[in-house]
Amino acid sequence: MRAMKPHRRADSTSLAGKWSSLPDPDGTFTAEDVDDREWSEMELPANWEFGGLENYDGVVWFRRSFEWDASSSPTWLRFGGVDYFADVWLDGTHLGDHEGYFEPFEFDVSDTLNDGPEHELLVRVDSPREDPETVWPDEKRLIKGILQHWDGRPGSWDPEYGQDMNTGGIWNDVAVYETESVRVRDASFAPVLLDDGTAVVRTTVTVQNLTGEPVDASLSARVEPTEEGHGEESSAEREDTVRLEPGTAEVELALHVADPKLWWTWDMGEQHLYDGTVAVTVDDVADSAWADRFGIRELTVEDPGEEWLLNGEPFYPRGSNHIPTLWLSEYTDDLIAEDISLMREANLNAMRVCVHVTHPDFYRAADEAGIILWQDFPLQWSYGESPTFYEEAGRQLEEMIDLLYNHPSVGVWCCHNEPSVNTGTLDHVLYQRAREADATRYVEHHSDFHDHTYPGWYYDHYREYSSLPGAPFVNEFGAQALPDADYLRMFLGEAAWPPDWDRWTYHDFQYDQTFNVAGIEMGGSLEEFVENSQRYQYELVKFAIERYRRAREETTGLFHFMFTDCWPAITWSVIDDRREPKEGFHALRKACQPVLPTFDVGRHTHVAADDGRSLFRDVVVVNDRPEDIEDATVRLRLRGDDGPVIEEEYGADLPANEATTVLELGHSDAVWEVTGDVEPGEYELVADVVVDGERVARNDERITVVERVAAQKIEL
C-alpha cells in the first residue's frame, strides 16, 4: 500500500472528536466480545499517553459511531497516522490492518457503507513494549527509531525503563471521503533544471480506474507559482489522452517551465513554491482533481564530504538535530511555527530530522521557511535480521520517501542511525531501495560514529575540535546542559536538590560525562549547577562550530546535536521542551551567523601587564553568503565595564563561501597585548563586521585579566 501524500480533498468528513476507548492489557479481547466491556472516552486524535492512559503499553480498542449517507460513488476511510499496529472494522466487517506509525493509509469502504446512515468504526491499536530479554535492545522489530529506543527519551536506554511513556495511539485525523470512479490518487513533481535556465517538471500521476472496464480519459496537469504576478512563462500545463485499464496505473507528464521561480534556503534567496494540480476527465466530465505544493530547486550532494550545491551555488549546511516531541499529536501548528522561528533566530539553514518522521505539517513549514532537511529513516541502533523485517523495513522506507517526495525542504535521505550489526546487511538493502525510489536526492547509507563526534563530552577536551574531528562533514556533536532551576524543581520535585541521581538519570542526565569528562562543578546550589552546566555547553558549542566553519576549505557542513528537548529532560538540547532557551542557544545563534567573525583565542585568562602576551592569535571572518562582500570594516574592541580599552578597525574584502584571515598577530602587534593599560577585571573581546555603515555580524569572547602574583621565596 503506497503512502498517501497529504493534499487538498473535497467531500471529506473528519471523525475527530470523542471516541470510546478500551484498554486491553493482555491483548486477548476480540472484535466480537468488546461490546460487553466497560468503555471510557478519549478525545482523538491523540497519543494515548496524553489521553488518560499514562505509561501504558500494548493494546487499546477505539470505537466511534458516525453518520454517512451512502451513494454510488467510491468511498474511502483514511487514517492520517496510527502508532503502531492497526486493525480496522467497519459495521462488523474487517477492513484490514496496517503496520507503522508515520504514514497515512486508507481502505475502500464503498460496499460497507451501503446499509443505512448509521455506522460504527472499530479500531484495535497495538503499540507493544518489546521484550528486553529476547528482542530489545539489539534485535528490535518495531520501526520507531528514537520514539522507542534512545538515550534522550523517558528512562533513557535502560532495559527496565527505556520504553516508558509509550507513543501509541491514533495521533492524526481519521476521515471518510468520496471520489469519482476514475480518480487521481496522488502525484509526484520532480523538477530538473536545464542548462539554458529553464526547467522540466516530471510529473508522475497515479490514477485509479474503479469502473471495472477500460476507459479513455484526458489527463491534465498544471504547475504555477503560489504567488501572483509571475506570468505564464513561470507556469506550465499539459494535457494527454490516456487509455486506463481497470486498476491502478502510473502516467508521466513532462511540463516545461520557461522562467522557473527557484526555491532557496532563507539565507540564499526566496522560497518560491508551486501549486501542482492534476485532473482526470472521462466523457468530458472532470472526475477527479488532485493538488499539492512543491518547489523547483536542485540540491546536488555527491557526498556529504564534498561541497553541496543549491541551484548550482555553493551551500554550507549550518544545522542542528531536531526531535521536537515523541508524541506527534502534541506537535501543533503553533509549536511548529515557534520551532521554525527559533531555527531562523539561531541562523540555521538546515535541520536533521533525527531518526524519526515527524508531523507532516512540519515539512510544509520548512518548505515555507527555506530550511533544508536531512531526513532519517526511523532505525536507531540494532535490529533483527529476519527476511520479514527486511521486507517491512523496505516497504516503510519507500512509504517515507513517497510521503515526503514533493517537499523541496527535504534534501537527503539516510537509511539508518548508528546501525552496529546491520551495517553490512540490512542497510545495503535499504540503501538500494531508497536510490531506486528517489533518483533525485542523495541517499546516505547510514550515519555513524565517524561523523558523530563528542570530544568534551564522551572523551577528551572540547578544544580537540581544533583538529576538526569528523571532518569534512559532521552530523552530531554537543554536550548536555541543565534547564533552569525552577523547571528542574517542577519535574524532579524533591529529587532536584540535593540530586537523587537515579531520578536524574531517568530524565536522561549523564553523571559520568558531566563530572568525569566535562569536569562541570555542582557548586553550592541548584542555581550554581545550572549556571556551570549551561556555561560549559555554551563554550563547547561555540568553540566547535567556529572551528569547523573557520576551516571552510576543509569542511562542508555541520549538524549540531541537538535543538529542542522532546519531554522534560536533561539532554544535549539548547532549548528545553517548553521552548525556553539555554545559554547554548545563544552560542548556536552566534556561531551560525551567515557572516561570522571569529577569534583564535588560545586562553581566556591573562595576567595583567604581561607584555608580549597577545589577547588572540588571529581574526578570521567566514562569509556563507552567495555574494562577495567588498570593502567591509572589521571593528575589534576590548570592552570593559567603562567602555572600550582597545579599539581598532581593519578593512577587508570577504569573498563568498570562504573564510578570510583579516588579522594575524605577530610578536610586534603590541596594540593587542595585555599591557599595563589593561587592568585586572572582566572584559569582552568584540568583533563587528560593518558593510556600508550597517553592522551585519557580531561575535565576542570572554576575557579575564588577573593580578600578577609575586614570586615567593621558598625556604629549603
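**Exercise 1. State which elements cover the buried residues of helix H1, and describe the helix.**

Step 1. The cover of H1's buried residues includes strand E24 (318-322), strand E25 (350-353), helix H2 (360-369) and helix H9 (583-591). Helices (H or I, at least four residues) and strands (E, at least two) are DSSP runs, numbered from the N terminus. This is a predicted model: local features need pLDDT of at least 70, side-chain atom pairs count only at pLDDT 80 or more, and totals for chains, interfaces and linings use all residues. Residues are numbered from 1 along each chain as its sequence is written, and side-chain values use heavy atoms, with hydrogens and water left out.

Step 2. Check the length. H1 spans residues 333-345, which is 13 residues. From first C-alpha to last it reaches 18 Å, close to the 18 Å expected at 1.5 Å a residue. The expected span is 1.5 Å times one less than the number of residues.

Step 3. List the buried residues: Leu335, Ile336, Asp339, Ile340, Leu342 and Met343. Buried means under 20% relative accessible area, exposed over 50%, partly exposed in between (1.4 Å probe, protein chains only).

Step 4. Look down the axis of H1. Its buried residues fall within an arc of 160°, so they line one face of the helix. The arc is that of the directions from the helix axis to the C-beta atoms. An α-helix has 3.6 residues a turn, so residues three or four places apart point the same way.

Step 5. Turn to the face away from the buried side. Exposed Asp333 and Asp334 sit there. Just after H1, Asn347 has a positive phi of about 65°.

**Exercise 2. Find the contacts of Arg352 in strand E25.**

Step 1. Is Arg352 buried or exposed? Arg352 is buried, at a relative accessible area of 0%.

Step 2. Find its side-chain partners. Asp376 makes a 2.8 Å polar contact with Arg352, side chain to side chain. The side chain of Asn417 makes another, at 2.7 Å. A polar contact is a pair of N or O atoms within 3.5 Å; within protein, one must be able to donate a hydrogen and the other to accept it, and residues adjacent in sequence count only if both atoms are side-chain atoms.

Step 3. Widen the search to contacts (heavy atoms within 4.5 Å). Beyond four places in sequence, Arg352 touches residues including Ser320, Asn321, His322, Trp374 and Phe559.

**Exercise 3. Work out the order of the sheet with E21, E22 and E23, then place Asn311.**

Step 1. This open sheet of three strands runs E21-E22-E23, with antiparallel pairing. E21 (299-300) and E23 (313-315) are the edges, each with a single partner strand, so one side of each is left without a neighbour in the sheet. Two strands pair if DSSP finds at least two bridges between them.

Step 2. Inspect one pair. E22 (residues 308-310) and E23 share three bridges. Leu310 has Glu313 in E23 as its bridge partner.

Step 3. Place Asn311. This residue lies in the loop between E22 and E23. Asn311 is buried, with a relative accessible area of 13%. A polar atom of its side chain lies 3.1 Å from the backbone oxygen of Trp263. The C-alpha atoms of Asn311 and Glu298 are 4.9 Å apart, though 13 residues separate them along the chain.
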